[in-house]
Structures are given as C-alpha cells and as structure tokens.
Amino acid sequence: MALLVGATACNSDNNGSGDSSRDCAVTSVVMGRLSRVYHGYLSDGRDTTYTTNVWGQYYPLHIDQLRREIFNSDSLPVGTKLDKVYFNTFASDGILAYRLESGKDTLFNIKDTLDFTTPRIFTVYTSDGSGTREYVMRINVHNADPEGYSWRQAAPADDKIAAMQDMRLIMGDGKMMLWGHSGGQALYMERTLTDGDAWSSYTIDGVSSLSTANVQSFNGKYYAPTDGGLACSADGHSWSVVAPELTGARIMGTAGGSLYVISGGKVWFSTDALSWTEDSVDDKTAPLPDEYVGGAYLPSANNANVGNLICVGYHSGLSETWKKEVNLVYPEAMLWSYYPATEETPRTLPYLGSMSLMPYDGKLMVIGQTADTLNVYTSSDGARSWQKVTRPDVIPSGAGRQTAVAWTADGDDTIWLVGAPAGILWRGYLNRMKAQTEE
C-alpha cells in the first residue's frame, strides 16, 4: 500500500480563493453498480425483502470546486448499500488518494471498493508533489421510501369524535371542519391546523336532520341534505333549508362554479344554490348513487382550463361512478357520463362502510371499512378501475380498526385523517411529495 504525506494547498493564491490548478483537481466521478435491499409488500400485505441492483451512473455526482465537495443531488433509493461502493469513472488532474481511518492517505485505484456509510476525504496531489487539494465526498441515500407514507398524531383523542359516525372532514379558511353524528345527534367540530390544538364542538341547529357525511363547501358556505330538502350554513352549525324541492338529495360535488345534486332520480345544478336546473345525463336508466356519495375534481393533465368532476357512491350495495367534463373558461353543456361495469372495466371498488373520497397525487383515493378494518383503494384512471393498497403505512399505525373514518388533503399535499372509536386526528403525506418540505 502506498502512503502519501500531505503537502501545501493547491490554489492560485494562499487565501483559498478556490481557483484550482490545472494539475490538481477531481474532474469526473461516476458511480458503478450498487446493491439495494428492497423492502416491499405482497398483494396480501405481507412484507417481502430482496436484493436488487442500482445503476449508479443514473445518479450523477456533482463536483463543487469552490467548496471542494463531491455529492449526488439526486439521492439513491432507500435501502441502497454504501458499505462497498465502486466507480466506473474517477478522473483527476493529478495523483488521486483517499483518507484512511488512521488519517493517512493512500493511492486510489479504480478497482477499489470503499465504504461510504460516512463521508470520505479524497486528496489530489500535483504530479511534482508541490501541492494538494482535498475534497469531502458524500453519497446521499433517501432515508424514507418515496412511495411510503409518514404519519403523526396531530391532536389529542377527543371523546366526542370517538363516538361519531357519518363523518365528513373539510379544510378551509385556515381551519379544519368536521361533521358527524353522535348518540343520534348531529355535531359540528372545528379546530386550527396547529398540531396539538383542541377541537371546539357545536350542536347542529335550525334543521331536524342533517346528512353529515354529505356536507359540501360551495361559494363560501356549506350545503347538506336534510329531510326537508337541501340546507345551507354559513358557520357549520346553524342551518336553514334553501331548496325544499330537492328532497332525498345527495350532493355529487362542485366544479366550474356550479353545485351538482341528485334528487328525484335526476341530476340538478345551480350557480347560487337557490335556482336549480336539471342537468343532462347520457343514460337516464343508469342507477345514480344514493349511499356514501362523494365527488372529486381532477384537473386535466394537458389543459388547465378543463377537468372532470367524478362522483362515486353506492346503489344497492354496488359502486356507481359518474363523470362530467367541465370547461372552466368556456362553459359548455356537457353530459354526465355513466361508467357501466364491463368485462374490461369491472366494478373493482367493493362496498366500504363510511367511505371517504379524496383526490391526491393525481389519483383518486378512497378509505372505508370492511367490518371494523380500514381499507384504501386508489384509481389512476378517473374511477374506472380501482386497486387495493396493500402497504400498511397507507394509514397510521394503530388506525387499522375503526368503525367510522373521514379524510381529506389540503393544498400543501398533507393528508388529514380522523377516525372513531380512536377519536384521533392524524396528519400524513406520501414521502415522495412531502419529505423534503417536512424535514
């Protein structure tokens, strides 16, 4: 083993200006193949672990000559092993060495494999031995699986929430709003978004009944079905009927400045929730959902002025899906389209009690329970087909057995989840979308 003794700094001046000599600098570094221990999940949710390869050349190493640092801006996948790293390229103008644990330098050979579990020091010596330049090199690896979910408890358990059913969670005006039934009584609760804050609770007044799971925000107010028609509230707890003609209503959602409601086997829309017009559907014989009805707006991937309002719910225990294309700039009389079950697109969303729908990560996500166990399904094709999420971290640890649940996502890509009988509010995110901003 050839050991080298340190020499003077290899700069154009003695003040460390960062101008490197032509014969004293690292010029190119490319990692070779690395090993990765992959931790995944089988279709039944069981853990599986196997070793695979990571091609280091796809994770470029940046050489900062001013700070004398070498690093990869794009971190390697979680689980990548750094105890034996080798390189396809490690070029320098000068003689290249690396620092041993003893503090001495030894010549580097491209065939060497090095341990990068901690940063390493490389030194470039001028060919005549008159100067050196040191670099600190680190290889970054993601600490969390980008496709995993991270959760933490955002508020203490609340006794009122622990007894709730028929939940609906909405974010807006810097606060969180929750509706539900407890002991046969409709309740409204609200809190700020600050972790640890307590809930304030209110009794619903002004109406004798309220379909709390079907509350919808629209034009700065809240709307929900009641036995006497469609009701409205400005504060979440004081309600009055504004459309008595909409008996047995179910709210489909809102998009393009209109609120859409099912009533009397027809679809209705309004821009002010006072005057209602029957909307057109492509199949008047197709079943409209009447249980756990929820709507989500998905913007078009190609045109910011166009999107789709997706309505999902159940009718006679089967999932039913309707879609309306909405032009936000030039209003058009577009039909509601029914998604029938076919051999190519069967009903892959099973019946989920307390189903809650939200858009997230460009997809639709629903959560609900089978018996008292929570299940999550996602759809990447606008609710035509659904896939069960088998990763256990898609919900918080300890939240797997609930009898009622609701979730929503805010504009900062944070997921908020509340459940009973836990009575706990959790906040979480998909690591790929939020890890950097949360750190």
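In this predicted model, the largest nonpolar core is made of 25 residues, and the members that touch the most other members are Val26, Val29, Phe87, Phe90, Phe116, Phe122 and Met137. Several strands chip in: β2 (25-31), β5 (61-64), β7 (87-93), β8 (95-99), β10 (120-125) and β11 (132-138) each hand over at least two residues to this core. The top contributor is β2, which gives four residues. This fits a general habit: in soluble globular proteins, nonpolar side chains tend to be buried together.

Phe87 gives a good look at who meets whom. Setting aside the neighbours within four places in sequence, Phe87 is in contact with Val29, Val30, Met31, Gly32, Leu61, Phe108, Ile110, Phe116 and Met137. Val29, Phe116 and Met137 turn up again here, having already been listed among the core members that touch the most others. Apart from this core lies another one, built from 20 residues, with Leu374, Val394, Ile395 and Ile415 among them.

Nonpolar residues also show up on the outside. Leu328, Val329 and Tyr330 make up a nonpolar patch on the surface, and together they have about 310 Å² of accessible area. Val329 sits in the loop between β27 (318-327) and β28 (336-338). With a relative accessible area of 41%, Val329 counts as partly exposed, because that value falls between the 20% and 50% cut-offs.

Next come some backbone details. The peptide bond that runs from Ala420 to Pro421 is cis, and its omega is near 15°. Pro421 belongs to the loop between β34 (415-420) and β35 (424-430). Two residues have a positive phi although neither is a glycine: Ser316, at about 55°, and Ala383, at about 80°. Ser316 is found in the loop between β26 (306-315) and β27, while Ala383 lies in the loop between β31 (373-379) and β32 (387-388). Their surroundings can be told apart by accessibility: Ser316 is exposed, at 68% relative accessibility, whereas Ala383 is buried, at 3%.

Now for the charged side chains. Searching the whole structure turns up 15 salt bridges. One of them joins Arg138 to Glu69, with the closest N and O atoms 3.9 Å apart. This pair links distant parts of the chain, since Arg138 is in strand β11 and Glu69 is in strand β6 (residues 69-72), 69 residues apart. Arg138 is partly exposed, with a relative accessible area of 31%, and Glu69 is partly exposed too, with a value of 24%.

A second salt bridge brings together the side chains of Asp145 and Arg391, at 3.2 Å from N to O. This pair also links distant parts of the chain, but here both partners are in loops: Asp145 in the one between β11 and β12 (149-155), and Arg391 in the one between β32 and β33 (404-409), 246 residues apart. Asp145 has a relative accessible area of 18%, so this residue is buried. Arg391 also counts as buried, at 16% relative accessibility.

The side chains of Lys266 and Glu278 meet in a further salt bridge, again at 3.9 Å from N to O. Lys266 is in strand β23 (residues 266-270) and Glu278 is in strand β24 (residues 277-278), so this salt bridge ties together parts that are twelve residues apart in sequence. Both ends are partly exposed: Lys266 has a relative accessible area of 37%, and Glu278 comes in at 36%. Elsewhere, salt bridges join up into a network that links Glu147, Asp361, Lys363 and Arg432.

Finally, a word on confidence. The protein chain has an average pLDDT of 90, and 92% of the residues score at least 70. Residues 12-21 are another story: pLDDT stays under 50 there, and the model has 16 contacts beyond four places in sequence for this stretch. Where pLDDT is low, the predicted coordinates should not be read in detail.

Technical notes: Residues numbered from 1 in each chain as written. Heavy atoms only, no water. Core = buried A, V, L, I, M, F, W, Y, C linked by side-chain atoms within 4.5 Å. Buried < 20%, exposed > 50% of the residue type's maximum accessible area, 1.4 Å probe, protein only. Contact = heavy atoms within 4.5 Å. Patch = residues over 30% accessible without salt bridge, like charges linked within 9 Å, V, L, I, M, F, W, Y side chains within 5 Å. Areas by Shrake-Rupley, 256 points an atom, 1.4 Å probe, with all protein chains shown as cover. Salt bridge = Lys/Arg side-chain N within 4 Å of Asp/Glu carboxyl O. pLDDT = per-residue confidence, 0-100.
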